[in-house]
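User: Please take one part of this model and go through it closely. I want the side-chain contacts, and where the residues that make them sit.

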Amino acid sequence: MLHNLKTNKIMEAIILSKDQFNELISKIEHISDKLNSTRTARTETYLNNKQFMEMLGVSLRTAQSWRDEGKITFSQVGNKIYYKLSDVEKFIQEYRNAAFAKK
């Protein structure tokens with residue numbers, strides 16, 4: 001055991017085999033990859049009200065009605081309205097009509 005002269009605390013050394021060390025490094029890299037992929041997944045694109053209206057081809061009044069009716073989730077910062085692109089895609093999916101079957 002090694003002693004730290006300034007604090008008189010005992011320090012222990014841990015010795016790993018090459019295989020144990022490589023396994024430890026592999027696990028650390030796996031954890032790092034998971035953390036990095038989680039951060040990437042959190043990146044979100046936002047649309048302002050004008051972009052939202054242009055994307056869906058609707059008027060200011062229609063966009064306002066959808067917000068008032070709770071049909072579309074939005075954020076408001078001051079007078080500015082923002083929509084998550086993922087919420088807009090979800091909104092479109094919820095209101096899409098299935099294809100009609102041919103007879």
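Analyst:
**Side-chain contacts, from charges to rings**

The structure holds 2 salt bridges. It is a predicted model, and every value below is computed from it.

Start with helix α1, residues 18–41. Here the side chains of Glu 23 and Lys 27 meet in a salt bridge, at 3.4 Å from N to O. Why can they reach each other? Glu 23 and Lys 27 are 4 residues apart in α1, so about one helical turn separates them. An α-helix has 3.6 residues a turn, so residues three or four places apart point the same way. Both partners are partly exposed: Glu 23 has 45% relative accessibility, and Lys 27 has 49%.

Phe 21 lies in α1 too. This ring belongs to a nonpolar surface patch of about 570 Å². The other members are Ile 14, Leu 16, Leu 24, Ile 25 and Ile 28. Why does Phe 21 qualify for a surface patch? Its relative accessible area is 44%, and a patch residue needs over 30% and no salt bridge.

The second bridge joins Glu 69 and Lys 71, with the closest N and O atoms 3.3 Å apart. Lys 71 is partly exposed, at 32% relative accessibility. Gly 70 comes just after α3 and takes a positive phi of about 75°.

Now α3 itself, residues 60–68. Its buried residues are Ala 63, Ser 65, Trp 66 and Arg 67. Where does the cover come from? It includes α2 (49–56), β5 (80–84) and α4. Arg 67 makes a further contact. Its charged end sits over the ring of Phe 74, 5.6 Å from the ring centre.

Next, the aromatic rings. A pair of aromatic rings is described by the distance of the centres and the angle of the planes. The count comes to 4 aromatic pairs. In one of them, Trp 66 and Phe 91 are tilted, at 4.8 Å centre to centre and 55° between the planes. This pair links distant parts of the chain: Trp 66 is in α3, Phe 91 is in α4 (residues 85–94), and 25 residues separate them.

Are these two rings buried or exposed? Trp 66 counts as buried because its relative accessibility is 17%, and the limit is under 20%. Phe 91 is buried as well, at 6%.

Phe 91 also pairs with Tyr 95. That pair is tilted too: 5.0 Å centre to centre, 50° between the planes. Tyr 95 is partly exposed, with a relative accessible area of 46%. Phe 91 therefore pairs with one buried ring, Trp 66, and one partly exposed ring, Tyr 95. Which rings make up the cluster? Phe 52, Trp 66, Tyr 83, Phe 91 and Tyr 95 form one aromatic cluster.

Finally, the whole chain. It has 4 helices and 5 strands. Along the sequence they run β-β-α-β-α-α-β-β-α. Of its 103 residues, 13% are buried. Take the contacts between residues at least 6 apart in sequence: 42% of them join residues at least 24 apart. The chain exposes about 9300 Å², and carbon and sulfur atoms supply 54% of that area.

Technical notes. Residues numbered from 1 in each chain as written. Predicted model: local features only at pLDDT ≥ 70, side-chain atom pairs only at ≥ 80, totals over all residues. Heavy atoms only, no water. Patch = residues over 30% accessible without salt bridge, like charges linked within 9 Å, V, L, I, M, F, W, Y side chains within 5 Å. Areas by Shrake-Rupley, 256 points an atom, 1.4 Å probe, with all protein chains shown as cover. Salt bridge = Lys/Arg side-chain N within 4 Å of Asp/Glu carboxyl O. Helix = DSSP H or I, 4+ residues; strand = E, 2+ residues; numbered from the N terminus. Buried < 20%, exposed > 50% of the residue type's maximum accessible area, 1.4 Å probe, protein only. Phe/Tyr/Trp six-rings, centres within 6.5 Å; stacked < 30°, edge-to-face > 60°. Lys NZ or Arg CZ within 6 Å of the ring centre and 35° of its normal. Contact = heavy atoms within 4.5 Å.
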